[in-house]
Amino acid sequence: MNVTRTALDGVLIIEPKIFGDQRGYFFESWNRAAFAAAGIDCEWLQDNESMSSFGVLRGLHYQAAPYTQAKLVRVISGSVLDVAVDIRKNSPTFGKHVAVELSGENKRQLFIPRGFAHGFAVLSEKAIFAYKCDNTYMPSAERGIAFDDPELGIDWKIKPAEWILSEKDKHNPRFADAEPLN
């Protein structure tokens with residue numbers, strides 16, 4: 001696999017080695033030894049999958065301590081713009097983000113360590129999104145940040161008139177008012 005470091009410490013783009021022929025393809029989406037060699041040594045506790053239509057924007061989400069989560073995310077079919085925002089208050093990249101297109105075609109994965117808010121926007125007609133978490137979901141620890149906060153300056157690659165949001169995501173606090181992580 002090919003591992004690319006991003007501008008945010010710990011956020012990695014993983015490009016698996018794909019074995020393909022006339023029958024289709026095969027790749028390892030997770031191999032503990034190979035990922036540990038790349039600096040990712042997580043014990044995954046939960047796998048999640050969602051299906052969304054074009055324009056759905058989910059995020060920016062995170063969980064407060066002690067329920068913070070690292071995530072390994074990928075798209076099974078379709079395409080999304082995946083975004084990680086550094087919310088570690090003592091980080092030199094606090095408030096900065098990376099955005100990576102993940103698709104069923106490119107098979108990229110994004111590793112997002114603890115200390116980041118996460119979100120994605122669906123760029124294709126539909127997308128199936130899968131992710132592993134190293135901590136279980138705790139409703140009382142759920143937090144969010146306004147996806148459209150001008151301070152973050154995220155270009156979601158779709159027009160605001162096309163955004164489809166949950167009621168909760170419409171009302172997340174601005175970055176300056178959100179609870180940072182240590």
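The paragraphs below go through this predicted model from its overall dimensions to its strands, one residue in a strand, and its salt bridges.

The protein contains 2 helices and 13 strands. Its C-alpha trace spans about 50 × 35 × 30 Å along the principal axes. The radius of gyration is 16 Å, and because a compact globule of 182 residues would have a value near 16 Å, the two agree. Of the 182 residues, 47% are buried. The surface that the protein exposes comes to about 9,400 Å², with carbon and sulfur atoms supplying 49% of that area. Contacts can also be sorted by separation along the chain. Among those between residues at least 6 apart in sequence, 79% join residues at least 24 apart.

The strands come next. Strands of a sheet pair through backbone hydrogen bonds, in either a parallel or an antiparallel sense. One open sheet here has 5 strands in the order 9-8-11-6-13, and the pairing is antiparallel. Strand 9 (97-103) and strand 13 are its edge strands, each pairing on one side only. Neighbouring strands of this sheet are turned against each other by 25 degrees on average, with direction ignored. Within the order, strand 8 (residues 79-86) runs antiparallel to strand 9, and 7 bridges join the two. To find this pairing in the model, start from V80, whose bridge partner in strand 9 is L102.

Strand 7 (residues 71-77) can be followed to two partners. With strand 10 it runs antiparallel, joined by 4 bridges. V73 has L110 of strand 10 as its bridge partner. With strand 12, strand 7 pairs in the antiparallel sense over 6 bridges, and S77 stands opposite I128 in strand 12. Strand 12 (residues 126-133) also pairs with strand 5 (residues 46-53), again in the antiparallel sense, over 8 bridges. In that pairing, S53 stands opposite K126 of strand 12.

Strand 10 likewise has a further partner. Strand 2 (residues 12-15) runs antiparallel to strand 10 and is joined to it by 3 bridges; L12 stands opposite F111. The side chains of strand 10 can be read along the strand. In a regular strand the side chains alternate between the two faces of the sheet. In strand 10 (residues 109-112), Q109 and F111 point one way, while L110 and I112 point the other way. All four of these residues are buried.

What does I76 touch, leaving aside residues up to four places away in sequence? The residues are E49, G104, I128 and A130. I76 itself lies in strand 7. I76 counts as partly exposed because its relative accessibility is 35%, and a residue has to fall under 20% to be called buried. The C-alpha atoms of I76 and K107 are 7.6 Å apart, although the two residues are separated by 31 residues in sequence.

Finally, the charged side chains. A search of the whole structure finds 11 salt bridges, and three of them are described here. In one, the side chains of R88 and D86 meet at 2.8 Å, N to O. D86 counts as buried because its relative accessibility is 0%.

In another, the side chains of R174 and D148 meet at 3.3 Å, N to O. This pair links distant parts of the chain, 26 residues apart: R174 is in the segment after helix 2 (167-170), and D148 is in the loop between strand 13 (142-144) and helix 2. Are R174 and D148 buried or exposed? R174 has a relative accessibility of 37% and therefore counts as partly exposed. D148, with a relative accessible area of 36%, is partly exposed as well.

A further salt bridge joins the side chains of K157 and D155, at 3.4 Å, N to O. K157 counts as exposed because its relative accessibility is 55%, and the cut-off for that class is over 50%. D155, with a relative accessible area of 47%, is partly exposed.

Conventions
Residues numbered from 1 in each chain as written. Predicted model: local features only at pLDDT ≥ 70, side-chain atom pairs only at ≥ 80, totals over all residues. Heavy atoms only, no water. Salt bridge = Lys/Arg side-chain N within 4 Å of Asp/Glu carboxyl O. Buried < 20%, exposed > 50% of the residue type's maximum accessible area, 1.4 Å probe, protein only. Pairing = 2+ DSSP bridges. Axes fitted to C-alpha atoms, helices over the stretch in contact; angles between N-to-C directions. Rg over C-alpha atoms; globule rule 2.2 N^0.38 Å. Contact = heavy atoms within 4.5 Å. Areas by Shrake-Rupley, 256 points an atom, 1.4 Å probe, with all protein chains shown as cover.
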